[in-house]
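Please look over the sequence and the coordinates shown here. The text after them goes from the overall fold to single residues.

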Amino acid sequence: MNTSYEVILCIVNAGFSETVMDAAKEVGARGGTVIHARGTANKEAEKFFHITIQPDKEIVMILVPADIKDKVLHAVYQQAGLKTAGQGIAFSMAVSNVVGLSGGAVVEELKPSEPAEPANTAKPTDNNGIN
């Protein structure tokens, strides 16, 4: 079985990663990874979005089957979007290969690449290097 996957990235104020994961799990996501980050937005961005931007952020990465991506994005934005205390943004990207999933997910194993040919392919000589 070859299932396509997408990765959803949600950037929220520090302390809201659990809100993101709860919303995602309610619509079928299984888990995610949280990365602590620091935003670099300036005062112009704050004026444009009409919000105060907190510099401490959390990035939540959620790998999902492509067929539930839209449901997860919508759920995450409803619970932790820009109009909430989490002030989050979310987006997705296609994933070309996945390995290491378990718990019922069927993932095709990547085949090891062919061994490289030796760099030195010169044939030995018996004339002190002169043929």
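The paragraphs below take up the chain as a whole, then its strands, its core, its salt bridges and a patch on its surface.

This is a predicted model. The protein chain contains 3 helices and 4 strands, and read from the N terminus these elements follow the order β-α-β-α-β-α-β. Of the 131 residues in the chain, 26% are buried. The accessible surface comes to about 9500 Å², and carbon and sulfur atoms account for 53% of that area. Contacts between residues at least 6 apart in sequence can be sorted by separation: 74% of them join residues at least 24 apart.

Strand E1 is a convenient place to start on the strands. Residues 5–13 make up E1, and 8 of these 9 residues are buried, so the strand is largely enclosed by the rest of the structure. E1 pairs with strand E3, residues 56–65, through 9 bridges, and the two run antiparallel. Within this pairing, Val7 of E1 has Leu63 in E3 as its bridge partner. E1 also pairs with E4, again in the antiparallel sense, over 7 bridges. Here Glu6 is matched with Ala94 in E4.

Next comes the nonpolar interior. In soluble globular proteins, nonpolar side chains tend to be buried together. The largest nonpolar core in this model has 15 residues, and the members that touch the most others are Val20, Ile62, Val64 and Val72. Two or more residues come from each of E1, helix H1 (17–26), E3 and helix H3 (69–80). H3 gives the largest share, with 4 residues.

Which residues does Val20 contact, leaving aside its neighbours within four places in sequence? They are Cys10, Val12, Val60, Ile62, Val76 and Ala80. Ile62 is thus both a contact of Val20 and one of the core members that touch the most others.

The structure holds 2 salt bridges. One of them is formed by the side chains of Asp56 and Arg38, with an N to O distance of 2.9 Å. Asp56 belongs to strand E3 and Arg38 to strand E2 (residues 33–38), so this salt bridge ties together parts that lie 18 residues apart in sequence. Asp56 is partly exposed, at 39% relative accessibility, whereas Arg38 is exposed, with a relative accessible area of 58%.

The side chains of Asp70 and Lys69 also meet in a salt bridge, at 3.5 Å from N to O. Is each of these two residues buried or exposed? Asp70 has a relative accessible area of 55% and is exposed. Lys69 has 18% relative accessibility and counts as buried, because the cut-off for buried is under 20% relative accessible area.

The last feature is on the outside. Ile89, Phe91 and Met93 form a nonpolar patch on the surface, and together they have about 260 Å² of accessible area. Met93 lies in strand E4, which covers residues 89–95. With a relative accessible area of 41%, Met93 is partly exposed; a residue needs over 30% to be part of a patch. E4 therefore carries Met93 of this patch and also Ala94, the bridge partner of Glu6.

Methods. Residues numbered from 1 in each chain as written. Predicted model: local features only at pLDDT ≥ 70, side-chain atom pairs only at ≥ 80, totals over all residues. Heavy atoms only, no water. Patch = residues over 30% accessible without salt bridge, like charges linked within 9 Å, V, L, I, M, F, W, Y side chains within 5 Å. Areas by Shrake-Rupley, 256 points an atom, 1.4 Å probe, with all protein chains shown as cover. Salt bridge = Lys/Arg side-chain N within 4 Å of Asp/Glu carboxyl O. Buried < 20%, exposed > 50% of the residue type's maximum accessible area, 1.4 Å probe, protein only. Pairing = 2+ DSSP bridges. Core = buried A, V, L, I, M, F, W, Y, C linked by side-chain atoms within 4.5 Å. Contact = heavy atoms within 4.5 Å.
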